[in-house]
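Let's take a stroll through a protein model and stop at a few spots worth a look. Have the sequence and the 3D view open as you read.

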Amino acid sequence: MIPGPSRLIDDPVEDPSAAAGGAADLGELDEAITRCTACPRLVAWREEVAMVKRAAFRDQPYWGRPVPGFGPADAALGIVGLAPAAHGANRTGRMFTGDRSGDVLYRAMYDVGLASQPEAHGLDDGLVLRGARIVSPVRCAPPANKPTPGERDTCAPWLARELELLRPTLRAVVVLGAFGWQALLPILGAAAWRIPSPRPKFGHGAHAELPAADGGPPLHLLGCYHVSQRNTQTGKLTPEMLRAVLEQAKDLAGIG
Ligand code: SF4
């Protein structure tokens with residue numbers, strides 16, 4: 001894997017901070033994200049995976065680009081993952097779509113009324129989210145699912161702008177896993193909310209209410225174990241546990 005220019009993107013975005021700040025709405029932001037090439041290691045990796053492919057998906061085209069958020073622009077609930085999966089979102093182009101983690105997440109979202117169907121296969125599968133938008137602090141699939149702190153920081157302006165654009169309606173956020181929690185807190189603190197001191201700690205079922213810095217309504221922050229296979233196959237996170245957090249978040253966000 002040799003970092004170099006993108007083989008898939010003709011008109012790259014190299015400065016996420018400037019591009020995110022210039023996005024007037026979520027449509028513009030999503031489009032700009034898909035052209036980002038700011039992290040050479042991740043550009044090389046996402047495209048390498050897209051070219052080599054997994055045997056089971058040999059006949060399918062891979063997305064191989066950054067993955068934008070998914071869900072309505074007036075979402076009241078945010079669901080924060082970690083980063084796209086190499087053969088899931090990096091293949092299909094939509095968060096949690098086409099992998100086992102997504103099977104668990106979308107099933108639970110459907111069960112509590114946040115998704116129109118329990119399954120997600122690809123961009124044309126008809127799935128619609130209700131009141132919720134799935135976002136992530138890192139938009140490119142990282143090797144071993146581990147972005148570096150530098151890559152996380154480089155990617156932060158995309159999520160910061162996304163939260164700013166969602167601000168009028170956003171009332172609650174469910175964070176899947178400790179990495180997402182740690183990455184999200186500074187972004188929330190730099191956006192419209194105040195982070196209590198000491199900082200709220202991640203845990204399954206953790207709940208903190210962040211007062212608004214702009215005089216608006218507070219944001220409810222909820223922790224949930226990540227829907228990774230390691231957690232769901234060992235029973236660390238059961239469907240019932242996931243549904244309970246989503247139900248609580250839905251109530252706090254005022255989604256009927
Ligand atoms: S991780 Fe984020 S900042 Fe880095 S290349 Fe991907 S989209 Fe751009």
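## A buried phenylalanine and other backbone spots

F96 counts as buried because it has 27 C-beta neighbours inside 10 Å (buried means 20 or more other C-beta atoms within 10 Å of a residue's own, exposed means 12 or fewer, and partly exposed is in between, with C-beta atoms placed from the backbone). Before going on, note that this is a predicted model, where local features need pLDDT of at least 70, side-chain atom pairs count only at pLDDT 80 or more, and totals for chains, interfaces and linings use all residues. Residues are numbered from 1 along each chain as its sequence is written.

F96 also has a phi near 60°, a positive value in a residue other than glycine. You'll find F96 in the loop between α4 (89–92) and α5 (100–111). Those element names come from DSSP runs numbered from the N terminus: helices are H or I with at least four residues, and strands are E with at least two.

N145 has a positive phi too, about 60°, and N145 isn't a glycine either. Is N145 buried or partly exposed? It's partly exposed, with 15 other C-beta atoms within 10 Å.

Then there's P198: the peptide bond leading into it from S197 is cis, with omega near 0°. Here is where these residues sit:

| Residue | Backbone angle | Loop |
|---|---|---|
| F96 | phi near 60° | between α4 (89–92) and α5 (100–111) |
| N145 | phi about 60° | between β2 (132–135) and α6 (149–166) |
| P198 | omega near 0° | between α7 (178–190) and β4 (207–210) |

## Two helices that pack

Now look at α5 and α9 (residues 239–253), which pack at an angle of about 55° with their axes 9 Å apart. The axes are lines fitted to C-alpha atoms, for helices over the stretch in contact, and angles run from 0 to 180 degrees between N-to-C directions. α5 and α9 are therefore oblique to each other (under 35 degrees is roughly parallel, over 145 roughly antiparallel, 65 to 115 roughly perpendicular, and the rest oblique).

Which residues meet? From α5 come V104, A108, M109 and D111, and from α9 come P239, L242, R243 and L246; contact here means C-beta atoms, placed from the backbone, within 7 Å.

## Around the ligand

C36, C39, P66, C140 and C155 come nearest among the 15 residues around the ligand (a residue is near if its C-beta atom, placed from the backbone, lies within 6 Å). α6 gives the most to this shell, with three residues.

How values were computed
Two residues are in contact if their C-beta atoms, placed from the backbone, lie within 7 Å.
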